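Here are a few notes to read alongside the model. Keep the 3D view open and turn it as you go.

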Amino acid sequence: MFRNKGAAIALLFAVTLCFTVIPAMAQAEESGSAVQGEDGSLLTDLRWSPYWVGAGIGVLSMFTFVLSDHPIGVSTAYARTAGMVQKLFQRRTVEENAYYQKFPPKVDWEWMFVLGIFIGAFLSAQLSGRFVLRMVPTVWQETAGPSGLLRWIFALVGGAVMGLGARWARGCTSGHGISGTLQLAVSSWIVLISLFASGVLTAMVLYYGFFI
């Protein structure tokens, strides 16, 4: 019936949502976890309920497994993009690269999925009236000062380290944090715990100035 074990587990996960997460959604609505926009429309809400979003990701994962026989992932698309750019200047090097032989640098559904994330995030920010262009975010400025150069250096280095870590771990917050954990992969749960731990430390630095 299913192409692989992941599809069956994803379906089981979706069914489980009906008995665990959905009741929590009702409670979230009562407690006001979501922040509505001025017109009360879902598309203009300033913040969606995390329970609804989590359930949506679960359903999306189920359909991804069933329809494409492949888990949701994001970081591979960045590697493919780097390969496509490098291929313009060093075609032979890319073609002989073992990694790119396994993951050819091309535009596939996963690449389009990442593009959709950018487009969706932009539209969401526009519709909710929260889209603002800033060289230095307010939270960063309060902690590290107004220097735009410092902000961009940290962003570039941080992004590079995150990309390296995602490739080294063979997955990112999507591949491990979503697709891997719902398949009960031990490695993915280790990665997820590490992500939360590092996220807490980063939040402490940005919001409270600890370790600085």
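The points below go from the overall fold to the pocket and then to two loop residues.

1. First things first: this is a predicted model, so please read everything here in that light. The protein chain has 11 helices and zero strands. Walk along the chain from the N terminus and you meet one α element after another, α-α-α-α-α-α-α-α-α-α-α.

2. How much of the chain is tucked away? Of the 212 residues in the protein chain, 25% are buried. As for contacts between residues at least 6 apart in sequence, 53% of them link residues at least 24 apart.

3. Have a look at what the record says, too. The unreviewed UniProt entry carries the annotation "transmembrane region" for residues 50-68, 111-129, 149-169 and 189-210. In the model, residues 50-68 are 100% helix and 0% strand, with 26 Å between the end C-alpha atoms. Residues 111-129 come out at 89% helix and 0% strand, and there the end C-alpha atoms are 28 Å apart.

4. Now the largest pocket, which has a volume of about 1,300 Å³. It is lined by 34 residues, and G158, G159, V161, M162 and G163 are the closest to its centre. Where does the pocket lie? Domain 2 (73-131) and domain 3 (133-211) both contribute to the lining, so the largest pocket sits between them.

5. Which helices build that lining? α4 (75-89), α8 (138-144), α9 (148-168) and α11 (186-208) each bring at least two residues to it. The biggest share comes from α9, with 12 residues. By residue type, the lining of the largest pocket splits into 20 nonpolar, 12 polar and two charged.

6. Next, a loop residue worth clicking on: R170, in the loop between α9 and α10 (175-182). R170 isn't a glycine, yet its phi is positive, at about 60°. Is R170 buried or exposed? Its relative accessibility is 74%, and the cut-off for exposed is over 50%, so R170 counts as exposed.

7. L184 tells a similar story one loop further on, between α10 and α11. L184 also has a positive phi of about 60° without being a glycine. With a relative accessible area of 63%, L184 is exposed as well.

Definitions and conventions
Residues numbered from 1 in each chain as written. Predicted model: local features only at pLDDT ≥ 70, side-chain atom pairs only at ≥ 80, totals over all residues. Heavy atoms only, no water. 1 Å grid on protein atoms, 1.4 Å probe; cavity = no way out; pocket = protein on both sides within 12 Å on 5 of 7 lines; lining within 4 Å. Points joined across faces, edges and corners; volume = space filled by probe spheres on them. Helix = DSSP H or I, 4+ residues; strand = E, 2+ residues; numbered from the N terminus. Nonpolar A, V, L, I, M, F, W, Y, C, P; charged D, E, K, R; others polar. Domains from an automatic or database assignment. UniProt positions renumbered as here; feature names shortened; annotations may be inferred. Buried < 20%, exposed > 50% of the residue type's maximum accessible area, 1.4 Å probe, protein only. Contact = heavy atoms within 4.5 Å.
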